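Here are my notes on this entry, in numbered points. Please read them with the structure open.

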Amino acid sequence: MKNAIIQLVQQALDGLKADGSLAADVEASINIERTRDKQHGDFASNIAMMLAKSAGCSPRELAQKIVDKLPASPDLVKAEIAGPGFINFFLAADSSQRVIEDILASTDNYGRSAIGKGKAVQVEFVSANPTGPLHVGHGRGAAYGASVADLLEAVGFKVHREYYVNDAGRQMDILASSVWLRYLELCGEEIAFPVNGYKGDYVWDIAATLHRQNGDNLRHSHESVFIGVPEDEPDGGDKEVHIDALIARAQELLGDKHYRQVFDLGMETILADIRRDLEEFGIVYQDWYSERSLMHSGAVENAIERLKMSGHVYEDNGALWFKSTDFGDEKDRVIVRDNGQTTYFASDIAYHAEKLERGFDRVIDVWGADHHGYVPRVRAALQALGDDDAKLDVLLVQFAILYRGGEKAQMSTRSGEFVTLRELRHEVGNDAARFFYVMRKCEQHMDFDLDLAKSQSSDNPVYYIQYAHARLCSVKRQLLEKNLSRDIGRGQASLSLLTESHEQDLMTALAKYPEVVEKAAINHEPHQLAHFLRDLANCVHTYYNAHVFLVDDENLRDARMNLVEAARQVLANGLKLLGVSAPESM
RNA sequence: GCGCCCGUAGCUCAGCUGGAUAGAGCAACAGGCUUCGAACCUGUGGGUCGGGAGUUCGAAUCUCUCCGGGCGCGCCA
C-alpha cells in the first residue's frame, strides 16, 4: 500500500515537471510514513516541505499542486494538506479490509518477503568458550542472535547460523587441568586447588566421569604434581604463572595421549551441554565451527602468510606483529608470540577471511559489548588481506546486569558463582526468557532483576501477548461448542460490516506487520517486533472487551471470525520469529 | 588519559533514522465480569527528553561541548 502511494506521488511530481511547475532535474526520494495520529489519515508525506525550496514556493502551495496532480485511485478516499505542508492520505475502507484476505490466504507465510532473496548471510552468535555452562549473560546474545537470524530468514535471506568453538586456547588448558586436579582429589590426593582454576560443580562431575572411565590410572601423587610449580596467589605468588606451570606439569605427567583425553572429555562434555541448553531454548545451529580445525587445516598459517605478503607485518621482541595501525587501529597486534604460538587474534583473522571465502554476501558477528575494542583490528586484518570488510556487521550486545535482592549480582565462571541460562529458563520459562531478552534494543544496557523475573513472571508482557492468542483460540472453540456455522467465504463477502473503530484499528495494525518484520530484519532490531506484538495484542484485547464476536447475524459473525483468525495468525507468526510459543490455551 | 555504548514520567523502556500535541508497561488513584477467558478493559494524575550552544521551516533524533553511569584499552580468550 505504501508503495502504491509512492507511485501516485511520483506520477504527480512527473506531472508538475511536465508543466514546468517543477524543475525537471529535481530528484527526490519520496518518503511515505504511517501517521501516528488517525486525524492525519493513514499515511503522510513530507515531500512538499522537502521540495519547497527548489520549487520556489511555500510548502503548502506546493502540496496543493501535488494534490491537484494526484491521479485517482480506488484505494484513496482523499488527500489533504495539513500543518506546515504535510500531505495526508486517507485510505478507502475496503482497502484496509483486503489485509484479512491476504492473511487468510498466506497463513504462516504472511509477513514473509523476498527482499533478501538470493543473498546468503551468516550469523555467528554466542560462541562462548566451552569452559562451563552458559550463564544468563550469554542468554541475551543467544536470544538476540537467534531472532536476528530468524528475521533475516523471514525476509528471504539464506541464513547460516554458526557457533565458533574456541577449543584451542589457554582457557581450555586451564579447564583440562582443573578437571584433572579434581580427579586427583577424587583419587584421594589432597590438592591445593588453584585460585585461577575452574571451581564450578560441573568440573567435579566431569572429574567423576574421568575417574569412572580410568580408575586410578591417571593418578599422580600431589607432591609430584606440584614439583617446580611456583606459589599460588594466596601464598604470595602470581596466579597466572601458577596455573600455567600446573598445565605444564599436567602435560608432562600425563603425556600427550592422556592429557588429550582429559582435555577432550572436559570440552566435549561441556559442549554437549551447551548444545542441549541452546536447543531447549529453541536455537539450532547449522554449524559448530572449531578453532582447532582452522589451525590443523593450515588456515591460520595461510592467513599469516597472506598478511606477510601484504606488507603489514613486522617482527619485534621475538614476536610477529600485525601493523593494524595502518588501518586505523589504536595499536599494533601480536599474531605470533615469542614462544612461537599463534594468538587467538590470528585464528580469528583466519576465521573471518574464511567466512568471506565461503561466499556469504553478509557476515554478522554478535558479540558482547566488552569485545568492542576488538572490532577495529578484525576490520583492519580483512582490509590488509584485500577482503571487503563492509560485508561484516558486528552487532554489540550490551551486558545484562543482574540484580538480586536489589543488589548487583556478580558473575564469574571461574568461581562457579553465577546463574546459568538453564536455571533462568527453568525459573521463568523459555518463552518469557526469549521475549525478555529481546524486548530492548541490543545497545541498551539491561537491568535483569532476577527476583522480579522469577517471582512475578506474570508481569512479563509475553503473557499479555500469549493471552491474546489464547483468547482468540478460545473464541474459535466456543464457535464449535455452540454449534454455530462458519463460512469463510461468507465472512469475506461481509467484511464491509466491520465498521467499528476497534475493527479498523486492528486491521491497520495487521497491515503494518510485514513492514515491521522488514524493518526489524534489516536493522537487526527484533525489539521492534516485540513492541509491535504488544500493541497488536492491545488492539485484540480492547476489541474483545468492547464487542461480542459470536453474534446472531451470521454475516457479521463470519466477518468477525475472519478478522479474529487473521489477528490470531499474525500473533502466532510474530511470536514464532521471536522463538516464543503461541499457546491455544494457558 | 583515549575509545565505544547509554542518559526520555517515581521505576523499566519505546519513539519508525529530522516531522504535527513526546508514548507504552509497571507503580498510584477511580471505575468495569449473570453475556465469546478479568493473565483483560476504560478513565485520571505524572515530563526543563542530563545541562548548554549550534545546524533549519522544524531537534528527543544531527554537530560541538560539559556532567553523570557502564564497558574496553594483554605476547588472555
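Of the atoms of RNA strand B within 4 Å of the protein, what percentage belong to sugar or phosphate?

1. The model is predicted. The share is 62% for sugar or phosphate, and the rest of those atoms belong to bases.

2. RNA strand B is surrounded by 63 residues. The closest are H372, R440, Y464, K519 and H547. By class, the residues of this surface split into 22 nonpolar, 24 polar and 17 charged.

3. Check the base contacts. A polar backbone atom of H547 sits 2.2 Å from a base nitrogen of RNA strand B. For H372, a polar side-chain atom is 2.4 Å from a base nitrogen. The side chain of H371 has an N or O atom 3.5 Å from a base nitrogen of the RNA strand.

4. Several elements supply at least two residues each to the surface near RNA strand B. Among them are α2 (47–55), β4, α6 (170–187), α17 (461–481) and α20 (526–546).

5. Chain A is divided into domain 1 (2–92), domain 2 (98–115 + 458–577) and domain 3 (170–280). The C-alpha centres of domain 2 and domain 3 are 56 Å apart.

6. Now the sheet. Four strands, ordered β1-β2-β4-β3, make an open antiparallel sheet. β1 (32–34) and β3 (76–82) are at the edges with a single partner strand each, so one side of each has no neighbour in the sheet. On average, neighbouring strands are turned by 25° against each other, direction ignored.

7. β3 pairs with β4 (residues 86–91) over six bridges, in the antiparallel sense. I81 stands opposite I87 in β4. Helix α1 (residues 2–18) lies across β1, β2 (43–45), β3 and β4, and runs at about 140° to β1.

How values were computed:
Residues are numbered from 1 along each chain as its sequence is written. Chains are lettered from A and ligands numbered from 1 in the order in which they are written. This is a predicted model: local features need pLDDT of at least 70, side-chain atom pairs count only at pLDDT 80 or more; totals for chains, interfaces and linings use all residues. Side-chain values use heavy atoms; hydrogens and water are left out. Domain bounds come from an automatic or database domain assignment. Two strands pair if DSSP finds at least two bridges between them. Axes are lines fitted to C-alpha atoms, for helices over the stretch in contact, and angles run from 0 to 180 degrees between N-to-C directions. Contact means heavy atoms within 4.5 Å. A residue is near a molecule or strand if one of its heavy atoms lies within 4 Å of it. A polar contact is a pair of N or O atoms within 3.5 Å; within protein, one must be able to donate a hydrogen and the other to accept it, and residues adjacent in sequence count only if both atoms are side-chain atoms. Ala, Val, Leu, Ile, Met, Phe, Trp, Tyr, Cys and Pro count as nonpolar, Asp, Glu, Lys and Arg as charged, and the others, Gly among them, as polar.
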